[in-house]
Amino acid sequence: MKKLQKVASQAGPVSESAPCPEVFFKTNAEAIKENIIHHLMSFQGRDPERSGPTDIYKALAYTMRDIMVEKWIATQKTFYAKKKKRVYYLSLEFLIGRSLGNSLLNLGIMEDARQAIEELGYDMSEIRDQEEDAGLGNGGLGRLAACFMDSIATLKIPAYGYGIRYEYGLFYQQLIDGYQVETPDNWLRYGTPWEFERRVPVFPVRFYGNVTGYLDENGRYRAKWVNTTDVMAMACDILVPGFRNDHVINMRLWTARASRDFDLGFFSQGDYISAVQSKVSSETISKVLYPPDHNLAGQELRLKQQYFFVAATLQDVMRRFKKNNREGFDGFSDAVAIQLNDTHPAIAIPELMRLLLDIEGLSWEKSWDICTRTFAYTNHTLMAEALEKWTVDLLGRVLPRHLEIIYEINRRFLEAIAQQYPGDVNRLRSMSIIEEGPPKMVRMAHLAIVGSHSVNGVAALHTRLLKDRLFHDFNQFYPGKFNSKTNGITPRRWLLQANPELAALISGRIGEGWVIDLDRLRLLEPLADDPEFRRQWREVKRANKVRLVEYVKDLCSITIDPDSMFDVQVKRIHEYKRQLLNALHVIYLYHRILRHADEVVAPRTVLFAGKAAPSYWRAKLIIKLINSIAEVINNDPRVHGRLKVLFLPNYTVSQAERIMPAADLSEQISTAGTEASGTGNMKFALNGALTIGTLDGANIEIREEVGEDNIFIFGMTAEEAEFERLNVSRTPLQICQANPEINEVIESLKNGCFSRGDRSLFMPLVDSLLNQYDPYLLLLDFESYIFCQRRVNEAFLDQENWTRMAILNVARMGKFSTDRTIREYSEEIWGIPVR
């Protein structure tokens, strides 16, 4: 604080009305320090002598924003000057985590900023910890979108991310008596210094009403959507810098504002609730990510959210297009590419049709041609429940004009199918956008496929299953439309920032070129056989584990052993991701330790984290089971510290950045054929964790890259799993009868060993495990999983070879950079070459 007082007195008075531009544009330590003082006083109204870490964080964030906005303006000018094709990436989630560290690294001023902060009397890690994780996403979908933004900026692709600025995010997860309890994630409680609120333009978004028709001056039918309820969409821009290239793009996130804040008539009558009801109802749209949809009100809110951000985005797209194109829409798809990140934004297809037909007066044929050449669709799931559908009644009530357009799209589509496959009624029924009821449903994935020129999966297996199973008829009808773009991660966030000591060790041996060309990590391969390098590698890993030990003790008041194997499964809690299988193995290990005290077992810390959807009671029961297992094992003196279990609450990006560098073993154990890709598997492997997993999603491609000897694979293939569902070879009961150790695990759940004697608590999980039609095939893979975990145990006991395997994993992760993924999107889908 004394240092800050001295600097403040030297800096003199700072005028908000007359800032010094040259101070903003310089990025040395002295300029950064002066900017921090400026923002403390003029932006925050704080006395520098009485400021604390939170004040300093905000001032540093505003300083970074100043630097980025200058570069962003220059970037936008190049887009307009060169009339480049723009990409609009539509995603309901952008899980960006914290922005300060990423901005400092990508701008190349981390060390200057660190020096400035230290000269002010603070520690950079303390300042960075003041930032809240942005509540703009939930899981892999949103984190992928955030990684894409980083790579798009780094590759200098003219693009924007579009989504919703959620006021409360998903939820803040607490663990009370082992149960997940949801509370609001109030990440914007004190605002955020990273956004620019754009008061102009503000776009109206319409709902409800009815449709009338008329003939225009050319005798063409035109529809008019009237008597609507309007909500205003205001833009909030968050800047995303490329890696040390002066290129800055933005995510434009929409927040809902009432078209009418206050009804004085109701207020004058004393009806104070009705006076503000319109405002509250309108602004609910951007309050929470994924409102529960187990009731009609939740379903309606989700639909309104999706249309809200799509409608605002397309108005913004039109505004920007018309700036440089005043002669019509012939060149629209040459200037605009729209990528739909999963089915959530699929309503954009009828919305663009509405704008072109009803507002711009184009013909159906011309409008449809523009749409299909503009849109591309990324599918992210093989799970039937995740392929979004809306009832015809709901969609027709909320968006009546769009339902009309969807029916017309479907009519023309079915006519085309009937021409190619005459008399094939079953094909018409399976491919129709409208699913016959009751109730009738609109299949949004079908709409996205029909209205897009490209449909891509996110891993080779996922794409093959889309083409061969889920959308087989569509693949036949649209040869060449389906393609694979394997997901990736940004090495800037997930190695350079998350694991700076390992990044420094790598750069010290092979240079820094890997940061923007991840294939250069291959240069590490010879070093896997260097004993001194392996020793340094282990030192870095242990230091990361010690830091995680300290974090866990502060967060959970649990002490874990940094020399134990950190066995980690962190991801959204879902039955197909099979956290329950991992929990069964923990019970199996516990029994082995108690019965075979002399057996050589590597000490193991099994760490879980992740959130379950609030209405997904079975997933929440799995969380309770894991915590109940931990309660028993962690307090059993007979274990002697050889096994510990913990569930970290409120999993976030910033928590992942602590966990992944410390992990030894990465659990990627979903049922084969259920995980689209996964990106956690890539993040762990890039940080030197070895993978235990099934042949699912991107695990297959990771095995191809790192080699079969450097990964632990178990279980059925996707084809074997599908065959087993249709032709049961062994029932779960038969497996238990044939394997006493597995039977003992199941019995311990049934008899209340992990529920304080309550035999009923976990019976729903037991029943699902013993059901011969268990879709996730847990017990059928359990034997293979146990055997594979024994191999893991033996491998970990040989630390020299384990380290060698870890180095080779990192060295062979070049394929899994989002720089490669985005280059493929840009050149093969968007038609934009990348230098």
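This is a short dialogue on reading the fold and the aromatic pairs of a predicted model.

Biologist: Which secondary structure elements does the chain contain, and how many of each?

Modeller: In this predicted model the chain has 35 helices and 22 strands. The radius of gyration is 28 Å, close to the 28 Å that the globule rule gives for 835 residues, so the chain is as compact as a globular protein of that length. Along the principal axes, its C-alpha atoms fill a box of roughly 90 × 85 × 65 Å.

Biologist: What share of the residues counts as buried?

Modeller: A residue counts as buried when its relative accessible area is under 20%, and here 60% of the 835 residues do. The chain exposes about 32,300 Å², of which carbon and sulfur atoms supply 50%.

Biologist: How many aromatic pairs are there, and how should I read the angle between two rings?

Modeller: Planes under 30 degrees apart count as stacked, those over 60 as edge-to-face, and the rest as tilted. A search of the whole structure finds 27 aromatic pairs. One of them joins Phe329 and Phe332, whose ring centres lie 6.0 Å apart with 40° between the planes, so by that cut-off the pair is tilted; both residues are buried. Phe533 and Trp537 form another tilted pair, at 5.8 Å centre to centre and 55° between the planes.

Biologist: Where do Phe533 and Trp537 sit along the chain?

Modeller: Both belong to helix H23 (residues 531-556), and because they are 4 residues apart there, about one helical turn separates them. Phe533 and Trp537 are both buried.

Biologist: Which residues form an aromatic cluster?

Modeller: Phe79, Tyr88, Tyr160, Tyr162, Phe203 and Trp254 form one aromatic cluster.

Note on methods: Residues are numbered from 1 along each chain as its sequence is written. This is a predicted model: local features need pLDDT of at least 70, side-chain atom pairs count only at pLDDT 80 or more; totals for chains, interfaces and linings use all residues. Side-chain values use heavy atoms; hydrogens and water are left out. Helices (H or I, at least four residues) and strands (E, at least two) are DSSP runs, numbered from the N terminus. The radius of gyration is taken over C-alpha atoms; the globule rule is 2.2 Å times the number of residues to the power 0.38. Buried means under 20% relative accessible area, exposed over 50%, partly exposed in between (1.4 Å probe, protein chains only). Accessible areas come from the Shrake-Rupley method with a 1.4 Å probe; for residues, only the protein chains shown count as cover. Rings of Phe, Tyr and Trp (its six-membered ring) pair if their centres lie within 6.5 Å; planes under 30 degrees apart count as stacked, over 60 as edge-to-face and the rest as tilted.
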